[in-house]
Amino acid sequence: MTMTTFRDLIPTKLAAGIWNCLVKCKSIPNFPQQETCELLVLDRSIDQIAPVIHEWTYDAMCHDLLNMEGNKYLHEVPSKTGGPPEKKEVLLEEHDPIWLELRHAHIGDANLRLHEKMTNFVSKNKAAQHQHGSRDVGEISTRDLQKMVQALPQYSEQIEKLSLHVEIAGKINRIITEQGLKELGQLEQDLVFGDAGMKDVIKFLTANEAVSHENKLRLMMILAAIYPEKFEGEKGLSLMKLAKLSTEDANAVNNMSLLAPLSESKKGSASSFSLKFDIHKKKRAARKDRCSEQETWQLSRFYPIIEELVEKLSLGELSKDDYPCMNDPSPSFHGSSPAAASIHEAPVAHSMRSRRTPTWARPRGSDDGYSSDSVIRHTSSDLKKRGKRIFVFIAGGATRSELRVCHKLTGKLNREVVLGSTSIDDPQQFITKLKQLTPSEISLDDLQI
C-alpha cells in the first residue's frame, strides 16, 4: 500500500468507524432512529493553501503575528495608582464583547470599529475629552489611557477592554507595515486566483530581499501547492536558492506534495487547475472567478474551500462521486421536513474552488464606546430556531479561516455549523508539522479509530 493510498483512505476509515458506532447505538432505548444532522469528514489535503496564506481577519492576525500562546496575550494595563504601566495576561475569549465583535472582522474593519468606539467614549465623557484633547484616537498612548482611568475610575473596566484592543490593533498594523505584508498578501492572493504566476514571484523575491525568512517560506509553499511540477529536480533547487531557504525549509516545501492527491501532483501543467478555470489564462488559478459577493476590503478575496463545500452540502448539491455518502439522506432532508444525517469523505481528486469576495458584517448596535450589544445578542440567540446542524471534521488540523467561515455560514444558512479537527493550527504550527512529514509506508491497519 502506498502513502498516497493510505492518506486518501483516512477519511474513509474514519467515516466508516463513526457510522458503525451510530448503527450500534440505534439499539439504545430512545436513541433517534432517523438522522438528525449531517457530518462531512475531510482531511488536510482538501486545502493546502489555507494553513499558510496570510489571513487578514483580526483573530487570525493576532495568532499569526503576535506570538501568542494559545489565546493568552500579555497586555500593558494603566496603573490605577499612577505608577508605571503593569503587565497583565489576558485571554482573548468569548467573555470579552469587543473580541466577539472583532474576531472575524477584516483588520481594516476592526481598526474602524475601534476608532468609532474610542471616539464615542471620548465624546460622551467630559473628563475623557479633557485627557484626550484634540488628538486623533490613533495617537492615544498607554499614558493617556492611564490618565483616563484615574479621571474616570467608574469606567476602568471598559477603558481597559478598549485599550487592550487598541494596543493589539496598533501592534498588528505596525507589523504589517514593517514586514511589507500588504504587497506580499496581494501577491499571495493573486497567485491563488491566477492573476500572478512564477515570473511575478521571481520578480518579488529579487526586489524584496528583506522579506522575512518565514514569509518567503510561506510564499514558496503556496507556489508549490499551485505549481507542484516547478519544484521537481533542478528547477526546484533554483527556486529554493532564490528564496534562500534552508534544507529544513526546503523539506517543508517539498512535503506539500505529500498532501496533494496523486492525480494532482503528477499531472503537472495539464492538471485540473488549468482545465477547471479560464483556459485563456497562461497563469494557473487555484479557483475560478466568482463575484457573487462584493469585495469591501483589500485582501479579502481568499476563503477556504470548506465554505463552498458546506454551502453545497446544505443545499444537497455536494457531488456524491467526489464525496460519497455512508448512507443516503432522506428525500425530505433538504426540504422543510426534519433532517437526516449523512457522512461524507474527502475525494481522491482535489476539488477546485470559486472566487469569493466576502463582506464582513458590521454590527453597529453599540451606543457607547466599548460594548458590542449586537454580538452578544447574536451569541445568545436560540439555536433551536435553526435548522439541523452540520458537523465538519478535518483530520490533520483546521485553520482560523475555516473557523471563521463556519461561524459565518451558521448565520447565512440558518444552521449551526460546527467545526472539529485533530488540532487548530496557526501557520507556524502547520509548517512545523510539514517539516516532520515523511513518505514512509504505513499500513492502514495501524490507524486506530
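Contact is taken here to mean heavy atoms within 4.5 Å. The description that follows is of a predicted model.

The secondary structure of the protein chain comprises 19 helices and 8 strands. The chain has 449 residues, of which 51% count as buried. Among contacts with a separation of 6 or more, 76% join residues 24 or more positions apart.

One pair of residues from the N-terminal part of the numbering illustrates such a separation in sequence. Ala15 belongs to helix H1 (residues 3-25). Its C-alpha atom is 6.5 Å from that of Val41, although 26 residues separate Ala15 and Val41 in sequence. Ala15 has a relative accessibility of 1%, under the 20% limit, and therefore counts as buried. Asn30 is located in the loop that joins H1 to strand E1 (38-43). With a relative accessibility of 83%, which is over 50%, Asn30 counts as exposed. The phi angle of Asn30 is positive, about 70°, although Asn30 is not a glycine.

Helix packing was examined for three pairs. Two packed helices are described by the angle between their axes and the distance between the axes.

The first pair considered is H8 and H9. Helix H8 covers residues 181-192, and its 12 residues should span 16 Å at 1.5 Å a residue; the C-alpha atoms at its ends are 16 Å apart, so the expected and modelled spans agree. Of the 12 residues of H8, 9 are buried, and the helix is thus mostly covered. The buried set consists of Leu181, Leu184, Gly185, Leu187, Glu188, Gln189, Asp190, Leu191 and Val192. After H8 comes Gly194, which has a positive phi near 80°. The axis of H8 comes within 10 Å of the axis of helix H9 (residues 198-207), and the two cross at roughly 165°. Because this angle is over 145 degrees, H8 counts as roughly antiparallel to H9. The crossing is left-handed. On the H8 side the contact is formed by Glu183, Leu184, Leu187 and Leu191, and on the H9 side by Asp200, Val201 and Phe204. By class, the residues of this contact are 5 nonpolar and 2 charged, with no polar residue. Leu184, Leu187 and Leu191 of H8 are listed both among the buried residues and in the contact with H9.

The second pair is H10 and H19. The axes of helix H10 (residues 213-226) and helix H19 (residues 427-436) come within 12 Å, with a crossing angle of roughly 65°. An angle of 65 to 115 degrees counts as roughly perpendicular, and H10 is therefore placed in that class relative to H19. H10 passes H19 with left-handed geometry. H10 contributes Glu214, Leu217, Arg218 and Met221 to the contact, where they meet Pro427, Gln428, Phe430, Ile431, Leu434 and Lys435 of H19. These residues divide into 6 nonpolar, 1 polar and 3 charged.

The third pair is H16 and H18. Helix H18 runs over residues 400-413; at 1.5 Å a residue its 14 residues should span 20 Å, and its end C-alpha atoms are 20 Å apart, which agrees. Its buried residues are Arg400, Ser401, Glu402, Arg404, Val405, Cys406, Leu409 and Thr410. The elements that cover them include helix H2 (58-65), helix H16 (306-315), strand E7 (387-395) and strand E8 (415-421). The axes of H16 and H18 come within 9 Å and cross at roughly 30°. Since the angle is under 35 degrees, H16 counts as roughly parallel to H18. The crossing of these two helices is right-handed. H16 takes part in the contact through Ile306, Glu307, Val310, Glu311 and Ser314, and H18 through Glu402, Val405, Cys406, Lys408, Leu409, Lys412 and Leu413. The contact of H16 with H18 contains 6 nonpolar, 1 polar and 5 charged residues. Glu402, Val405, Cys406 and Leu409 appear both among the buried residues of H18 and in its contact with H16.

Asn414 comes just after H18 and lies in the loop between H18 and E8. The phi angle of Asn414 is positive, about 55°, although Asn414 is not a glycine. Its relative accessibility is 39%, between the limits of 20% and 50%, so Asn414 counts as partly exposed.

Conventions: Residues are numbered from 1 along each chain as its sequence is written. This is a predicted model: local features need pLDDT of at least 70, side-chain atom pairs count only at pLDDT 80 or more; totals for chains, interfaces and linings use all residues. Side-chain values use heavy atoms; hydrogens and water are left out. Helices (H or I, at least four residues) and strands (E, at least two) are DSSP runs, numbered from the N terminus. The expected span of a helix is 1.5 Å times one less than its number of residues. Buried means under 20% relative accessible area, exposed over 50%, partly exposed in between (1.4 Å probe, protein chains only). Axes are lines fitted to C-alpha atoms, for helices over the stretch in contact, and angles run from 0 to 180 degrees between N-to-C directions. A crossing is left-handed if the near helix is turned anticlockwise from the far one by less than a right angle, and right-handed if clockwise. Ala, Val, Leu, Ile, Met, Phe, Trp, Tyr, Cys and Pro count as nonpolar, Asp, Glu, Lys and Arg as charged, and the others, Gly among them, as polar.
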